[in-house]
Amino acid sequence: MTSQKPKLILVHEPEKACFDRLVADGHAPERAAEIASYLAQSTDLAPEFDALAAACQARGLSFAPVALDDAASVLAGEHPGTTLVWTLTDGIAYFRGGAAPALARLGGFKTIGADDALFALCQDKFRSGAVLAALGLPVPTAGLARDGKWLVEPPASPAGWFAKPNRLGAKIGIWADSRTGDLGHALELSRRVFSAYRDDVVVQPYVAGRNVRASFLGLVPGAGVEALGVAFVESGADFQTMADSLALYGDTGEAAKAAGHYAEPELVAVADSQPVADARIRVIAERLMSGLGLRDVFSIDLRVEADDTVHLIEFEVCPGLPCFDFRAYCRQQWGLELADAMAETAATRLTGPNHRI
């Protein structure tokens with residue numbers, strides 16, 4: 001047993017660091033800014049680092065936010081037995097957060113979140129969809145296109161298709177015409193995405209229904225799907241676009257709020273109107289936890305039809321913690337604001353009765 005004070009290290013990739021790296025790699029500044037907006041939760045959480053430190057202090061922990069580029073050198077000076085690493089953002093391509101859990105594993109540190117293999121899988125929608133289908137989960141079969149050419153043709157779909165970038169999140173590269181009834185237009189969207197972002201496009205059959213976000217924070221070790229928060233996300237539109245996302249988060253979101261263009265979606269518990277769908281979503285989440293290895297903190301995006309048919313769209317190993325939906329989940333499920341929920345989660349791993357320091 002070491003006497004060193006337990007510490008929570010939060011590894012985050014700042015938008016500015018990502019933007020500078022993308023521009024240096026030849027991306028147009030406007031496109032680089034859009035890509036880097038995926039990291040808005042780093043921007044949005046930074047003002048709360050003092051609150052996080054105070055919440056950790058109240059629970060006998062120290063707290064250190066660490067920029068991703070500094071993570072290797074910082075971890076080299078920490079004690080693996082008393083240090084917990086929490087990675088704020090995933091990424092293996094445009095973003096590099098997936099390096100943090102790998103560094104933690106290399107150094108023998110305990111972590112919050114899934115293992116680094118899932119950090120890599122999560123940001124490739126085509127590959128992750130194949131794995132989800134192999135687990136027997138209800139994910140739409142996807143085609144894959146690159147710069148106007150099919151790598152894998154999508155299946156026929158009377159309702160049309162939905163095209164989105166393969167490795168980009170935060171609705172980047174999703175426009176009002178991303179739902180289409182014409183595969184020729186889907187290929188045109190792949191040209192547009194490749195030209196702007198150098199990414200492939202996943203083309204899935206369009207599925208009807210309302211958008212659902214399932215959020216999870218294992219505040220206590222052993223928490224299961226009973227702690228899942230399952231809510232309809234009512235934005236007033238069939239799907240959210242990149243413009244919608246930019247108006248919600250980061251510095252762009254702050255500008256949108258100041259200009260009066262901010263419209264936060266409404267969250268409505270699925271169980272209130274469709275308890276059968278809620279139960280089905282919890283079965284899916286349990287399968288993702290037991291079969292795929294999701295744990296500690298994650299989110300799932302789904303579509304739910306009126307007859308309780310559930311479509312699994314994708315999962316996130318690093319949900320947007322400072323976003324409105326996760327804050328609402330922490331208040332409703334755990335009765336805590338975000339900083340206290342994060343600190344309590346860390347404390348149960350580092351100083352609780354089942355800790356292994």
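**Figure 1. Overall view of the protein chain and its long-range contacts.** Residues 24 or more positions apart account for 74% of the contacts in the protein chain with a separation of 6 or more, where contact means heavy atoms within 4.5 Å. The structure is a predicted model, in which local features need pLDDT of at least 70, side-chain atom pairs count only at pLDDT 80 or more, and totals for chains, interfaces and linings use all residues. Residues are numbered from 1 along each chain as its sequence is written, and side-chain values use heavy atoms, with hydrogens and water left out. The protein chain contains 15 helices and 14 strands; helices (H or I, at least four residues) and strands (E, at least two) are DSSP runs, numbered from the N terminus. Its radius of gyration is 20 Å, which agrees with the value near 21 Å for a compact globule of 357 residues. That radius is taken over C-alpha atoms, and the globule rule is 2.2 Å times the number of residues to the power 0.38. Along the principal axes, the C-alpha atoms fill a box of roughly 65 × 50 × 45 Å. Of the 357 residues, 53% count as buried, a term that means under 20% relative accessible area, with exposed meaning over 50% and partly exposed in between (1.4 Å probe, protein chains only).

**Figure 2. Strand β7 and its two partner strands.** Strand β7 spans residues 161-165, and 5 of the 5 are buried, so the strand is largely enclosed by the rest of the structure. Both faces are covered: W161, A163 and P165 lie on one side, and F162 and K164 lie on the other. Two strands pair if DSSP finds at least two bridges between them. Strand β8 (residues 179-180) runs antiparallel to β7 and is joined to it by 2 bridges; here R179 is the bridge partner of F162. Strand β9 (residues 201-205) is also antiparallel to β7, with 5 bridges between them, and V202 of β9 stands opposite K164.

**Figure 3. Two loop residues with positive phi.** Most residues other than glycine have a negative phi. D147, which is not a glycine, has a positive phi of about 50 degrees. This residue lies in the loop between β5 (143-146) and β6 (149-152), and D147 counts as partly exposed at 35% relative accessibility. R198 likewise is a residue other than glycine with a positive phi, near 60 degrees. R198 belongs to the loop between α9 (183-197) and β9, and is partly exposed, with a relative accessible area of 35%.

**Figure 4. Surroundings of A269 in strand β12.** A269 is located in strand β12 (residues 266-269). With a relative accessibility of 25%, A269 counts as partly exposed. Leaving aside residues up to four places away in sequence, A269 touches V230, A231 and F232. G136 is 133 residues away along the chain, and its C-alpha atom is separated from that of A269 by 26 Å.

**Figure 5. Surroundings of T345 in helix α15.** T345 is placed in helix α15 (residues 338-350) and is buried, with a relative accessible area of 0%. Residues up to four places away in sequence are not counted among its contacts, which are W86, I112, L217, G218 and L219. Between the C-alpha atoms of T345 and M289, 56 residues apart along the chain, the separation is 18 Å.
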